[in-house]
Amino acid sequence: MKRISLLTLITVVCFTVKCLAQPAPVKNAAKSVFRLTTYNADGTVLSESNGIFISTDGTAVSSLKPFLGAAHATVTDSKGKQGEVTRMLGTNEIYDMAKFKVENIKPEPANIASAPAGSGDEVWLATYQEDGSKPLATTVKSVETFMEKYSYYIFTMQAPDKSDASPFFNVRGEVIGLLKPSATSTDTHATDANFALSLHTTGFALNDPIMRQIGIPPALPEGQEQALLMLMMSESGDSVKHAAVVNDFIAQYPKIVDGYSAKARMQVAVNDFNGAAKTMETAIKQAEKKDEAHAGYGKIIYDKLIFKTDTPYADWTFDKAEEETNQAYSITPQPTYRHQLAQITFAKGDYQKAYNEFTQLLNTSMHNPELFYEAAQCKTMMKAPQQEIIALLDSAINNTDTLRIREAAPYFLARADAYNAIDSFRQAVFDYTRYEILSGQRMNSQFYYVRSQAEIKARLYQQALGDLAAAIMLSPEEPTYYAEMASLQLRVNMNNEAAETATRCIKLAPEYSDGYLLLGLAQIRKGDTATGLPNLEKAKELGNPQAQPLIDKYSK
């Protein structure tokens with residue numbers, strides 16, 4: 001009995017020594033381990049995990065799950081110093097891995113193993129330990145391969161608490177993989193750390209479903225074309241991520257105008273016009289292509305004057321936009337710069353000159369349907385015959401590639417208005433409908449009201465009733481729409497419905513005379529003259545000029 005106890009004690013001691021002993025390279029490499037903490041937008045902790053630094057510039061890897069839903073994240077290194085996660089460098093949901101950039105820390109990075117470990121190899125698991133606990137020794141049970149070149153390890157050990165994404169080191173202190181607890185067994189798994197190295201961003205990263213769940217901005221992808229794509233895609237998304245992409249782009253590509261233009265547009269959006277001016281002046285100094293910088297500045301000024309008229313900025317005028325664009329054209333005489341000059345000329349009110357410039361551009365390589373449309377706008381402003389305007393809009397539509405027919409939506413809308421002006425109401429209705437279909441979105445109440453008026457004049461009464469109903473649904477507080485609906489219902493002998501609609505109009509706007517006029521007519525049409533006449537009298541009191549003739553007619 002005593003011999004068995006002594007033997008057991010010796011075995012335990014030997015096992016303990018084996019667990020505590022680890023090569024010096026492993027001990028040193030364990031300094032690369034950190035604690036990852038992610039936070040909600042309100043600052044509360046979302047999740048915690050482990051991870052490792054893999055380069056001296058702060059590049060790190062860990063599991064992906066803690067980042068999902070996170071507004072920001074920090075890491076605490078082996079010395080207790082805290083740094084901020086500033087950029088996501090790549091993610092993979094299937095293998096639950098993330099690569100990211102950490103600032104404000106001087107990391108002691110680990111080396112990634114160039115050769116995989118094999119079954120039976122002894123390795124060490126290093127978790128982030130505040131109490132200085134040493135790495136745990138274990139043995140590789142088996143190795144599987146995924147994506148033809150990466151290793152997936154299985155170990156016969158139970159993962160310690162709070163050990164997710166902790167690294168396994170080989171005898172040389174190189175990382176072979178990051179821990180991934182098994183959901184179906186007591187085994188512990190690890191995904192090849194080399195796979196984390198392969199993670200990267202692309203120009204479409206901001207639209208990636210996973211990246212959209214992470215509040216931390218993605219890093220610019222490698223390559224100028226992909227970086228430009230991300231810059232363009234960021235403009236329509238999260239403002240914080242857009243600002244990060246813009247600043248990164250300027251820092252990485254200081255001689256390319258696009259970053260400065262994007263920053264200036266951001267500044268214009270918050271009325272920082274002086275800042276935007278300085279940004280574009282810097283672009284002119286730094287940019288390799290000076291013509292693009294001058295043209296970009298001219299476009300920034302033009303857009304501000306056209307689309308942001310609520311806040312004046314004396315230094316920016318159409319003359320200034322024209323001056324910058326002319327400088328661009330003097331450096332490189334491109335049709336696109338002439339086009340911008342023509343748009344500025346139109347904005348200045350010289351419609352004949354703008355018309356000449358737009359039509360002259362049709363003889364250049366820039367020949368496109370937009371030029372016909374802009375020429376038609378010039379003709380409209382000059383009050384030219386509608387047939388001339390329609391002819392130009394016909395050309396705009398006919399010159400639009402059928403594969404890009406959605407781009408012709410504004411041309412159909414303009415032609416619909418032109419047809420309306422010459423009483424070609426059925427053609428107008430057709431074009432309004434084409435515009436609605438090509439736009440691919442729900443129109444506003446005014447659109448449905450305008451189309452209903454064309455439909456009424458084209459005797460398309462059923463369609464008009466539908467459009468008026470749509471207008472009422474979108475703007476239920478507008479009494480004009482109820483009055484138009486009641487008037488049309490009377491025209492098609494829907495007298496009961498007309499009375500109901502007119503009553504709703506009166507409840508909505510008690511001082512609106514048309515409601516009483518239409519209600520009175522509906523009641524008289526239904527044979528209730530005694531009730532209808534007082535409503536006509538009320539319409540008269542409210543100043544409706546149609547009321548007296550109707551009173552005279554139905555009082556006899």
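# Reading a predicted model by its definitions

Q: Leaving aside neighbours within four places in sequence, what is Leu362 in contact with?
A: In this predicted model, Leu362 is in contact with His367, Asn368, Leu371 and Phe372, where contact means heavy atoms within 4.5 Å. Leu362 itself belongs to the loop between α11 and α12.

Q: Why is Leu362 called buried or exposed?
A: Its relative accessibility is 15%, and because buried means under 20%, Leu362 counts as buried. Its C-alpha atom is separated by 28 Å from that of Asn420, a residue 58 places away along the chain.

Q: How do you know that the length of α12 agrees with that of a helix at 1.5 Å a residue?
A: Helix α12 runs over residues 369-381, and at that rise its 13 residues should span 18 Å; the C-alpha atoms at its ends are 19 Å apart, so the two values agree.

Q: What makes Asn368 a cap of α12?
A: A side-chain oxygen of Asn368 lies 3.1 Å from the backbone nitrogen of Glu370, at the N-terminal end of the helix, and this distance satisfies the polar-contact limit, because a pair of N or O atoms has to be within 3.5 Å. After α12 comes Lys383, which has a positive phi, near 55°.

Q: Which residues of α12 are buried, and what covers them?
A: Pro369, Leu371, Phe372, Tyr373, Glu374, Ala375, Ala376, Cys378 and Lys379 are buried, and their cover includes α10 (335-347), α11 (351-361), α13 (386-398) and α14 (409-421).

Q: What makes Lys379 a charge over the ring of Tyr355?
A: Lys379 lies over the face of Tyr355 at 4.7 Å from the ring centre, and the distance part of the definition is met, because NZ of Lys must be within 6 Å of the centre. Lys538 is placed likewise over the face of Tyr516, at 5.9 Å from the ring centre.

Q: Why is α20 called largely enclosed by the rest of the structure?
A: Of its 13 residues, 11 are buried, and α20 is therefore described as largely enclosed; among the buried ones are Gly515, Tyr516, Leu517, Leu518 and Ile524. Their cover includes α18 (479-491), α19 (495-508), α21 (529-541) and α22 (547-555). Just after the helix, Gly527 takes a positive phi of about 95°.

Q: What makes β10 largely enclosed?
A: Six of the six residues in strand β10 (residues 150-155) are buried, so the rest of the structure largely encloses the strand. Tyr150, Tyr152 and Ile154 point one way, while Ser151, Tyr153 and Phe155 point the other way, and all are buried.

Q: How do you know that β10 pairs with β9 and with β13?
A: Six bridges join β9 (residues 136-146) to β10, and four bridges join β10 to β13 (residues 188-192); both joins pass the test, because a pair of strands needs at least two bridges. The strands run antiparallel in the β9 join and in the β13 join. Phe155 in β10 stands opposite Val140, and Tyr153 stands opposite Ala190 in β13. The hairpin of β9 and β10 has three residues between the strands, and Met147 in the turn has a positive phi of about 55°.

Q: Why does Thr188 count as buried or exposed?
A: Thr188 lies in strand β13, and because its relative accessibility is 0%, Thr188 counts as buried. Its side chain reaches the backbone nitrogen of Ala159 at 3.2 Å. Not counting residues up to four places away in sequence, Thr188 touches residues including Tyr153, Ile154, Phe155, Ala159 and Phe168.

Q: How many aromatic pairs does the structure hold, and what makes the pair of Tyr297 and Trp316 stacked, tilted or edge-to-face?
A: The structure holds 22 aromatic pairs. In the pair of Tyr297 and Trp316 the ring centres are 6.1 Å apart and the planes stand at 75°; the pair is called edge-to-face because the centres must lie within 6.5 Å and the planes over 60 degrees apart. Tyr297 is in helix α8 (residues 290-307) and Trp316 in the loop between α8 and α9 (318-331), 19 residues apart, and both residues are buried. Ring pairs also link Phe34, Phe53, Phe67 and Phe100 into a cluster.

Q: Why is Arg451 called buried or exposed?
A: Arg451 has its place in helix α16 (residues 445-457), and its relative accessible area of 6% makes Arg451 buried, because the limit is under 20%. Beyond residues up to four places away in sequence, Arg451 touches Val429, Tyr432, Thr433, Glu436 and Asp467.

Terms used
Residues numbered from 1 in each chain as written. Predicted model: local features only at pLDDT ≥ 70, side-chain atom pairs only at ≥ 80, totals over all residues. Heavy atoms only, no water. Helix = DSSP H or I, 4+ residues; strand = E, 2+ residues; numbered from the N terminus. Expected span 1.5 Å × (residues − 1). Buried < 20%, exposed > 50% of the residue type's maximum accessible area, 1.4 Å probe, protein only. Polar contact = N/O pair within 3.5 Å; in protein donor to acceptor, adjacent residues only side chain to side chain. Phe/Tyr/Trp six-rings, centres within 6.5 Å; stacked < 30°, edge-to-face > 60°. Lys NZ or Arg CZ within 6 Å of the ring centre and 35° of its normal.
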